[in-house]
Amino acid sequence: MTTAATSHPTLAGMVVAIAMLAGLAAPAMAQSKPDTENGRYTLAPITDGFVRLDTRSGVVSHCMDKGSGWACYALPDERAAFDEEIGRLQQENEKLKTALAAREPPAMGKTDEALPQEALPKSDRLNPPAPKSAEADHNKIEIPLPSDQDMDRVMSFVERAWRRLVEMASRLQNDSSGKI
């Protein structure tokens, strides 16, 4: 005769077995999830692989199967290049502002004097500026009016254009009425 204790595990044995199983399962459950599951990476499929965004660092990578395994290569960050160039230009701007502020203000009257021919660029040597009188009003703008000869040329052009337009209209009218 066999006793019940030898054929069936006791309640204490069952508790020990469950505790052992729970102890073995705890490390397996404590393992971290893959990075894509806990939100670090966001993946987007493309034709030859996928694009991976690292949400912690902001790095974007192009991932593809190289045959021997998957490889991810970081894409160049254009924003970093733009930020670097903006910083360089801001520093240069500050240096130029400082240098401009350190310059002495120009002496009055020097800009009104006529420049010698040697100081003018070659294009300005051909047409030197006319000397200005002391009474000249610097705010006054003079617009030259066309001469009588210019007006006659414009009027003859308009007359010829008008005649051609009238002739063309009469030809079109004759062609549409059947008279050729």
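Residues 1–7 keep a pLDDT under 50. Over that stretch the model has zero contacts beyond four places in sequence. This is a predicted model, and confidence varies along the chain. Helix α1, residues 4–7, holds the lowest confidence, with a mean of 48. Helix α5, residues 148–176, holds the highest, at 92. Across the chain the average pLDDT is 75. A score of at least 70 is reached by 59% of the residues.

Turn next to the sheet. Four strands form an open sheet in the order β1-β2-β3-β4. The pairing is antiparallel. Which strands stand at the edges? They are β1, residues 41–46, and β4. Each has a single partner strand, so one side of each is left without a neighbour in the sheet. Direction ignored, neighbouring strands are turned by 25 degrees against each other on average.

Start at the β1 edge. β1 and β2 pair over six bridges, in the antiparallel sense. T42 can serve as a marker here: its bridge partner in β2 is L53.

Now move to β3, which spans residues 60–65 and includes S61. Is S61 buried or exposed? Its relative accessibility is 5%; buried means under 20%, so S61 counts as buried. What does S61 touch, once neighbours within four places in sequence are set aside? Its contacts are F50, V51, R52, C72, Y73, A74 and L75. Two of these names can be placed by strand: F50 belongs to β2, and C72 falls in β4, residues 70–74.

F50 also leads to the aromatic rings. How many aromatic pairs are there? The count comes to one. Its members are F50 and W70, with ring centres 5.3 Å apart. Their planes stand at 40 degrees. Stacked needs under 30 degrees and edge-to-face needs over 60, so this pair is tilted. The two residues sit 20 apart in the chain, and the pair links distant parts of it. F50 comes from strand β2, residues 49–54, while W70 comes from strand β4.

The two partners can also be described by accessibility. F50 has a relative accessibility of 22% and counts as partly exposed. W70 has a relative accessible area of 55%, which makes it exposed. The cut-off for exposed is over 50%, so W70 passes it. F50 lies between the two limits, since buried requires under 20%.

Definitions and conventions:
Residues are numbered from 1 along each chain as its sequence is written. This is a predicted model: local features need pLDDT of at least 70, side-chain atom pairs count only at pLDDT 80 or more; totals for chains, interfaces and linings use all residues. Side-chain values use heavy atoms; hydrogens and water are left out. pLDDT is the predictor's confidence in each residue, from 0 to 100. Contact means heavy atoms within 4.5 Å. Rings of Phe, Tyr and Trp (its six-membered ring) pair if their centres lie within 6.5 Å; planes under 30 degrees apart count as stacked, over 60 as edge-to-face and the rest as tilted. Buried means under 20% relative accessible area, exposed over 50%, partly exposed in between (1.4 Å probe, protein chains only). Two strands pair if DSSP finds at least two bridges between them. Axes are lines fitted to C-alpha atoms, for helices over the stretch in contact, and angles run from 0 to 180 degrees between N-to-C directions.
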